[in-house]
Amino acid sequence: MRRMLLLVIGTALVTATAAYAHHSYAATYDVSKEVKLEGKLVQFVMRNPHSFVHIEAPDDKGVTQRWAIEWAGTAQLGAQGVKRESLKVGDEITITARPSRVPGEYRALMLSLKRPLDGFTWGNRTGEAVD
Amino acid sequence: MNKALHARVAGLLALIAVAVLASVRGSAQGPARPAVPPDIAGEWRLDNNEQDTTAQPPLGDYLGIPFNDAGRQRADTTAESIWGTPEYQCRPHSAPHQWRGLGGARILKEQDPLTRTVSVYHMQFMRSLDRPVFMDGRAHPPAYAPHTWTGFSTGEWIGNTLKITTTHLKDGYLKRGGPQTSDMYTMTEYLTRHSEILTIVTVVDDPIYMDEPYVESTTYTYDPTSSVAMETCNSSSFAENGGTDRHHVPHFLPGQNSALTEWLKTSDWIPVEPTRGGVKTIYPEYRATLNKSVSVADLKVPSSRSANTVDKRIADESPRDGDVHILPVQGNIYMVVADGTNLTVSLGADGIMLVDTGTAKMTDKILTSVRQLATAVASAPTTNTCFGANCPGKWGWASPYMNAVISSPAPARPLRYIINTSAALEHIGGNERIATTGFFPRGSQFGGAVENVGPRASVIAHEEVLNRMSAPAGKVAAFPAAAWPTDTYFDEFHKLPEYFNGEAVIVYHAPAANTDGDSLVYFRHSEVISAGNLLSTVSYPVIEVDKGGSINGVIAGLNQILDLAVAEYRAQGGTWIIPGRGRLADTADVASYRNMLTMIRDRVKDLKGKGMTLAQVKAARPTMDFDGRYGSTTGPWTTDMFVEAVYQSLQEKK
């Protein structure tokens, strides 16, 4: 039992450290702002240290852009039930995210993702925040 | 036993123990031996809980950093989003931040098998490459050797403290969230073990960006139960910055980063001025300015001086010492540093290929050095390994009837090709004499020379190079015909028709770059690119607008190199890039140079868009944060000339 507990703690520590950003989120993204993107998923790269979802969605001028949404690493997503095949190219999705601080950059930090077709969501349950 | 007596007995026992131990050591070991340094090997747990380790450091927090104006502007304008560029996605933490990065530290020791002294310490962190610290007294490499993320470290014990001196570091950051370093900083660390505690004092000396060295300390605890986690990193060829431009360089124009004081909304007790850094703000004397008893301008602080002779170190990357230095690169390729310019040499079974020929005055020394190198590498003598009548049949000296011990190898194969990356004097100066020492078969009979030309190497270049060096009949050419390229190309690239020294060699045109005739040369098996004047680690690029050059062409040429090159691991090594001037580089170095030029280009474009004249743009100093590294106020290519070339080449074509 004690060994099991140690294993759990050990795993949690590794997960926690591996998930920490090598770059600073606060410096990369404007955490006081939020954007809502509705469009078609064109790429899901599940990888470390962070995954990326690419979505084609309009910018604030209504022009369709390819947005790169930074998501959690494989350990965190895996522990929360997200698999590589959870999202498919062509899925209509809605994303809320923190926008990049750099003007004209189509990059954002994932807050929530929703697929209306089947109700798949991420971002609303405890722990579903990018570490 | 009462407590006081207990204490006295315990103290007495301790004294006796110390005396006995001392006598035993003295009698058993004879004369006193040097103190044995403490063992620092093992697993160490990070104890610091600073904002830049466990939390997200706020943007614009430069408290305690002795920034100069250049350092402050560089920090303000460098976006953290730069991590998203393909070349930086998997870079490890910068050396100054490694001790503060999460995940603990592992220190291993490599011992000399005979003396059992520690010859190398290896330091590892979660986001690092293996970092050797050489304890065997070796010298640091020459300035034209590559820089790495961990740098080149040597160590020595001073009493119980390990002093580590590190040079050859890539540019990076002091801490996350903004403050940057140049690639000219040095780092000195002092590691002291007190029982289970390891204290690391780090001194970062970067006069390009700071008025005095930056000092910080970090504490670790010995913890054999901990283990350094390994961060895996999977980068992409696309930028994480969004959009579809893999060459996108995120940055802020000067004055446009509005988030720098955002964090002070919740820390409003901190005055703004010290958050901007500066040597005067980091000393206690600064408090006198807060009650206005002294102005910042009049404030005197006991600032310590930098020991980093940065101007000399930059110049040493491309020494103008009238001599030739050779640096082995990879595979068949060698970098020849020849009095302020670099040549690339391919050596092998097919002979010699030379990319650029240096200045005319260096021809003799270049020829001598390359011949010696070719003899030593491609035609090295070997000992006879078989004697007597039963040796396998070999013609010549090695046959059973010629029982010699040392061979007399054939001379090195001749120079076959010269490639000129441009018509710049330092690239073509040796063409005339060096080409005639070579041989390229192009006569009427296979293997023969053209009768009235004589044997000479093939000289390859873009046709604009030939146009610049030659002239139509009846007009005076700038160079004698014997120096002209013999084989020119006009397309996007020129493939050599067959392998040379076992590999494909491809010459790519970089249109409208330094001039209209620039080439870069890719050695596809050795994984080396000769960049010509597209890359210089000692100056801004020379852009000759009157010869068809442009800032956008130079940036496009650097992006072309980045598209061809691949890092070996974690944004380091892999494809090596030989610059026209300066130290051997890799993808991260080219990206850094490209990023710098993109930032300057965008600043000049912005100022020009506001209607500023050239004089006004120069006065605005769009290169200010890079001048200490690449600028010059004297010599053949000054910062003023560079800014003017950028400005002129951004003129809209009429």
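The centres of domain 1 and domain 2 of chain B, taken over C-alpha atoms, are separated by 34 Å in this predicted model. The domain assignment places domain 1 of chain B at residues 32-316, and it builds domain 2 of chain B from two stretches, 322-380 and 404-649. Where these two domains meet, 33 residues of domain 1 of chain B are in contact with 28 residues of domain 2 of chain B. On the domain 1 side of that contact, helix α3 (residues 69-77) of chain B gives the most, with 5 residues, and by class this side has 19 nonpolar, 8 polar and 6 charged residues.

Chain B also touches chain A, with 31 residues of chain B in contact with 27 residues of chain A. The chain B side of this contact is made up of 12 nonpolar, 14 polar and 5 charged residues.

Taken as a whole, the secondary structure of chain B comes to 16 helices and 21 strands. Of the 654 residues in chain B, 45% are buried, and among the contacts in chain B with a separation of 6 or more, 64% are accounted for by residues 24 or more positions apart.

**The barrel of chain B**

In chain B, 9 strands close into a barrel, in the order β1-β2-β3-β4-β5-β6-β7-β8-β9 and with mixed pairing; from one strand to the next, the twist averages 30°. Strand β1 (residues 42-46) of chain B pairs with strand β9 (residues 214-222) of chain B in the antiparallel sense over 3 bridges, and in this pair B:W44 stands opposite B:Y222 of β9(B).

Strand β6 (residues 161-167) of chain B can be followed residue by residue. In a regular strand the side chains alternate between the two faces of the sheet. Along β6(B), the side chains of B:L162, B:I164 and B:T166 point to one face and are buried, whereas those of B:T161, B:K163, B:T165 and B:T167 point to the other face and are not buried. Strand β5 (residues 152-158) of chain B pairs with β6(B) in the antiparallel sense over 7 bridges, and within this pair B:K163 in β6(B) is the bridge partner of B:E156. The hairpin of β5(B) and β6(B) has 2 residues between the strands, and in it B:G159 takes a positive phi near 65°. Strand β6(B) is also joined by 6 bridges to strand β7 (residues 186-194) of chain B, and these two strands run antiparallel; here the buried B:L162 stands opposite B:L191 in β7(B).

**The open sheet of chain B**

A second set of strands in chain B forms an open sheet of 7 strands, with mixed pairing and the order β10-β11-β12-β13-β14-β15-β16. Its edge strands are β10 (324-330) and β16 (487-489) of chain B, each of which pairs on one side only, and the twist from one strand to the next averages 20°. Strand β15 (residues 458-462) of chain B runs parallel to β16(B) and is joined to it by 3 bridges, with B:A461 standing opposite B:T488 in β16(B). Helix α8 (residues 363-378) of chain B packs on this sheet, where it touches β10, β11 (333-338), β12 (342-348) and β13 (351-355) of chain B, and its direction makes about 30° with that of β12(B).

The strand pairs described for the barrel and the open sheet are set out together below.

| Strand pair | Sense | Bridges |
|---|---|---|
| β1(B) and β9(B) | antiparallel | 3 bridges |
| β5(B) and β6(B) | antiparallel | 7 bridges |
| β6(B) and β7(B) | antiparallel | 6 bridges |
| β15(B) and β16(B) | parallel | 3 bridges |

**Helix packing around α16 of chain B**

Helix α13 (residues 587-609) of chain B and helix α16 (residues 639-649) of chain B pack at an angle of about 65°, and their axes are 10 Å apart; α13(B) passes α16(B) in a right-handed crossing. From α13(B), the residues B:I600, B:R601, B:V604 and B:K608 meet B:V643, B:V646 and B:Y647 of α16(B). By class, this contact has 5 nonpolar, no polar and 2 charged residues. The buried residues of α16(B) are B:F642, B:V643, B:A645, B:V646, B:Y647 and B:S649, and these pack not against α13 alone but against α12 (551-564), α13 and α14 (614-619) of chain B.

Terms used
Residues numbered from 1 in each chain as written. Chains lettered and ligands numbered in written order. Predicted model: local features only at pLDDT ≥ 70, side-chain atom pairs only at ≥ 80, totals over all residues. Contact = placed C-beta atoms within 7 Å. Nonpolar A, V, L, I, M, F, W, Y, C, P; charged D, E, K, R; others polar. Domains from an automatic or database assignment. Helix = DSSP H or I, 4+ residues; strand = E, 2+ residues; numbered from the N terminus. Axes fitted to C-alpha atoms, helices over the stretch in contact; angles between N-to-C directions. Left-handed = near helix turned anticlockwise from the far one by under 90°. Pairing = 2+ DSSP bridges. Buried ≥ 20, exposed ≤ 12 C-beta atoms within 10 Å, placed from the backbone.
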